[in-house]
Amino acid sequence: MKTSSEELLIKIRNQIAAYQLNVKSDNKAHRYNINDRAESFTIPLFKLLFEWNNLEDLNKREANFPGIDLGDFNKRISIQVTSDTSLDKVKYSLNQFVENEYYNQFNRLVIFMIQEKQSSYSQQA
């Protein structure tokens, strides 16, 4: 018999897998607004899993907040939510973090990819 924690993790995993399929399908059809909704979708997930209880959508503070999407200023965590799994997107996010000096407000940048990540990322790139 599965515990309630195991059942919850299975439900979360299944919901994320279904969401990934929807994102992939919508992106192929050039419908990208599902990517914006992913930010709202992930907030309760991160709060539940990591206890980042003050996590907020930074795009509500400033439209199209540069470089990061979510932040918990108390825990000093920032998150970029993206369906773009390319190395260029990772580099761009890191550059935005440095250029905007977010390291003064956040100790950590999480790049949460709502699609399957690439099999590898070259150090040479």
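These are my notebook entries on a predicted model.

**Entry: the sheet**

I began with the strands. I found 4 of them in an open sheet, ordered E1-E2-E3-E4. The pairing is mixed. Which strands sit at the edges? They are E1, residues 56–57, and E4, residues 108–113. Each of these two pairs on one side only.

I then looked up how E1 joins the sheet. Its partner E2 covers residues 70–72. E1 and E2 pair in the antiparallel sense, over 2 bridges. I checked Asp57 as well. Its bridge partner in E2 is Leu70.

**Entry: the salt bridge**

Next I looked for salt bridges. How many does the structure hold? I noted 1. The side chains of Glu56 and Arg61 form it, at 2.8 Å from N to O. I looked up the exposure of both residues. Glu56 has a relative accessible area of 24%, so I put it down as partly exposed. Arg61 reaches 53%, so it counts as exposed. Glu56 also falls within the range of edge strand E1 (56–57).

**Entry: a helix across the sheet**

I turned to helix H3, residues 87–99. H3 lies across two strands, E3 (77–82) and E4. Against E4, I noted an angle of about 155 degrees.

I picked Ser93 in this helix. Is Ser93 buried or exposed? Ser93 is buried, because its relative accessibility is 1% and the cut-off for buried is under 20%. I then listed what Ser93 touches, leaving aside its neighbours within four places in sequence. The contacts are Gln80, Leu109 and Ile111. I matched these to the strand ranges. Gln80 falls within E3 (77–82). Leu109 and Ile111 fall within E4 (108–113).

**Entry: the nonpolar patch**

Last, I went to the surface. Which residues form the nonpolar patch there? I wrote down Leu8, Leu9, Leu48, Leu49 and Phe50. Together they have about 460 Å² of accessible area.

I asked where these residues come from. Helix H1 (4–28) and helix H2 (33–50) each supply at least two of them. H2 gives the most, with 3 residues.

I looked at one patch residue by itself. Leu49 is in helix H2. It has 40% relative accessibility, so it counts as partly exposed. That puts Leu49 in the class I noted for Glu56, which is partly exposed at 24%. Ser93, at 1%, is buried.

How values were computed:
Residues are numbered from 1 along each chain as its sequence is written. This is a predicted model: local features need pLDDT of at least 70, side-chain atom pairs count only at pLDDT 80 or more; totals for chains, interfaces and linings use all residues. Side-chain values use heavy atoms; hydrogens and water are left out. A salt bridge is a side-chain nitrogen of Lys or Arg within 4 Å of a carboxyl oxygen of Asp or Glu. Buried means under 20% relative accessible area, exposed over 50%, partly exposed in between (1.4 Å probe, protein chains only). Two strands pair if DSSP finds at least two bridges between them. Contact means heavy atoms within 4.5 Å. Axes are lines fitted to C-alpha atoms, for helices over the stretch in contact, and angles run from 0 to 180 degrees between N-to-C directions. Patches are made of residues with over 30% relative accessible area and no salt bridge: like charges are joined within 9 Å, nonpolar side chains (Val, Leu, Ile, Met, Phe, Trp, Tyr) within 5 Å. Accessible areas come from the Shrake-Rupley method with a 1.4 Å probe; for residues, only the protein chains shown count as cover.
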